[in-house]
Amino acid sequence: MEINSITNGIVIDHLRAGSGLKVLDYLNIDTELGSVALIMNVTSKKHGKKDIIKLENLESVDINVLGLIDHNATVIHIKNEKIINKTKLSLPEKVTNVIMCKNPRCITSIEAVPNIFRLADSSGKYRCEYCDNFERIHKP
Amino acid sequence: MNLKGRNLISPLDLTVQEMEELFGLAERIIAKPQDYSEVCKGMMLATLFYEPSTRTRLSFEAAMLRLGGQVIGFSEPGSSSVSKGESIADTIQTIASYADIAVMRHPKEGAAFVAARRAGIPIINAGDGGHFHPTQTLTDLLTIRLEKKDFAGITIGLCGDLKFGRTVHSLMCAFARYSGVKFVLISPDELRVPEYVLDEINEFEEVRDLRDALPKLDVLYMTRVQRERFFNEEDYIRLKDSYILNASKMKKAKPDLMVLHPLPRVNEISTDVDNDPRAFYFRQTKNGMYVRMALLMALLGKEI
């Protein structure tokens, strides 16, 4: 399968095979602003199979949240068909409305406030900003 | 000390030095309360109690009135627009246009934090669910300080419901920042201290039986083990007496032990302990008013 390269935008490579749809869902992209390609089950020398996402003219997408879903992925920024930056993902320090607090006594269960979690340690433990409840993010 | 305009939501909002300065001010108020009778004249405190309270609400009201200020508020949500479904954010923005400072108790954890972000006036957390109760902690620490003079080397036992006890969580987080303080955590497995609190403390041991722990304690902080917290009746019946302090158990304790309790008490401290000179739980309540006077003054920038 052949997918054309992009001129300006972001390529999210080395996504775990099958996770691409979930990643797109988390990114919540406004597709009126640019083009999106999701390529699933591509053969990879390193990982056997992988997914790839290409975002044309969508440089402003917040990719920090990706660290929660697949922190082994690589994010490649492209300008004028050239790679200008290649970064490995890491667990984000703060996430908003991605992790939902499971503590039934937390104020987020009744008040219209964003669910905010902050990274508590490098193992993927996140702390609710309101009630201090911990939620653990499974490392893929 | 410059606490003017700040909030007190978590016990970690104050540094050790700021707490020490508040205790110092509270002690000066205790020594000469008449000198402070007009320092908050013209200022207004709003008390927003979404949950029942006797001591905390009345001690805040008494504190503000003794500083020469005034008090407005509600003591149950049914008598306010909260019963119509008004959000905390909306309520607090309204109250903030009337009052200079507000104190809030709410059954949900993080409620005071939400209020503080929207208020524009200092917010004091007077208890949010099973989370924190930082002004009870100031009361507890002032009481210990007045008696022991120094916190170094103190072994404190916390007994009962350590999972849902907001006074326990606050006290542990604040006390752990003093060096040389050791914790003995006495509770059934079902009611152990939550992880977010354990993360804040260094030296501790967890035990099941009050009797075994009692002889090594300098301070014993009692809380109630509620029947409804247990998953089964058998466990409750098996464990309930382990967490009741009585005169017989007190024979095993040090002669200078301090017994504290945030109150209200139900049956976890037998009345035969009340006349023991080591029982400090009723003396605690007056300290609560004085330390709240100090806190109100500091957050309103009225220190003298």
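Here is a walk through a predicted model with chains A and B, going from chain A to the contact and on to the spaces in chain B.

Let's start with chain A on its own. Its secondary structure adds up to two helices and nine strands. If you trace the chain along its sequence, the order reads β-α-β-β-α-β-β-β-β-β-β. Along the principal axes, the C-alpha atoms of chain A fill a box of roughly 50 × 35 × 25 Å.

Strand β1 of chain A, residues 9–16, is a good place to pause, as A:H14 sits there. This residue has a positive phi of about 60 degrees, even though it isn't a glycine. As a rule, most residues other than glycine have a negative phi. So if you're scanning backbone torsions, A:H14 is one to look up.

Strand β1 also holds A:D13, which pairs up with A:K50 in a salt bridge whose closest N and O atoms are 3.0 Å apart. That link joins distant parts of the chain: A:K50 belongs to strand β3 (residues 48–56), and the two partners are 37 residues apart. Over all chains, a search of the whole structure turns up 24 salt bridges.

Now for the place where the two chains meet. Chain A puts 18 residues into the contact and chain B puts in 19. Between them the chains bury about 1500 Å², with 50% of that area on carbon and sulfur atoms. On the chain A side, the residues that lose the most area to chain B are A:R105, A:E111 and A:Y130, which together make up 37% of what that side buries.

What about charges and polar groups across this interface? Six salt bridges span chain A and chain B. In one salt bridge, the side chains of A:R127 and B:E200 meet at 3.8 Å, N to O. With a cut-off of 4 Å for nitrogen to carboxyl oxygen, that pair still counts. There are also 13 residue pairs in polar contact across the interface, counting pairs with both residues at pLDDT 80 or more. On chain A, strands β8 (125–128) and β9 (134–136) each supply at least two residues of the side that touches chain B. Sorted by class, that side of chain A has nine nonpolar, two polar and seven charged residues.

Moving on to the open spaces, the largest pocket has a volume of about 920 Å³. Its lining takes in 34 residues, and those nearest its centre are B:R105, B:R166, B:T167, B:L263 and B:P264. In chain B, the elements giving two or more residues to this lining are α2 (55–66), α5, α6 (166–175) and α11 (281–299). The largest share, five residues, comes from α11 of chain B. By class, the pocket lining splits into eight nonpolar, 17 polar and nine charged residues.

Two of the residues nearest the pocket centre, B:L263 and B:P264, bring up a backbone detail. The peptide bond from B:L263 to B:P264 is cis, with omega near 10 degrees. In general, most peptide bonds are trans. As for where this happens, B:P264 lies in the loop between β9 (258–260) and α11 of chain B. Helix α11 of chain B is also the element that gives the pocket lining its largest share.

Last comes the enclosed space. How many cavities of 30 Å³ or more are there? The count comes to one, with a volume of about 40 Å³. Its lining is made up of B:L8, B:P11, B:L14, B:M19, B:P134, B:T137, B:L138 and B:A174. Helix α5 of chain B (residues 134–148) provides the largest share of that lining, three residues. The cavity lining has seven nonpolar residues, one polar and no charged. Helix α5 of chain B also turned up above, among the elements that give two or more residues to the lining of the largest pocket.

Definitions and conventions
Residues numbered from 1 in each chain as written. Chains lettered and ligands numbered in written order. Predicted model: local features only at pLDDT ≥ 70, side-chain atom pairs only at ≥ 80, totals over all residues. Heavy atoms only, no water. 1 Å grid on protein atoms, 1.4 Å probe; cavity = no way out; pocket = protein on both sides within 12 Å on 5 of 7 lines; lining within 4 Å. Points joined across faces, edges and corners; volume = space filled by probe spheres on them. Helix = DSSP H or I, 4+ residues; strand = E, 2+ residues; numbered from the N terminus. Nonpolar A, V, L, I, M, F, W, Y, C, P; charged D, E, K, R; others polar. Contact = heavy atoms within 4.5 Å. Buried area = accessible area lost by both parts, 1.4 Å probe. Polar contact = N/O pair within 3.5 Å; in protein donor to acceptor, adjacent residues only side chain to side chain.
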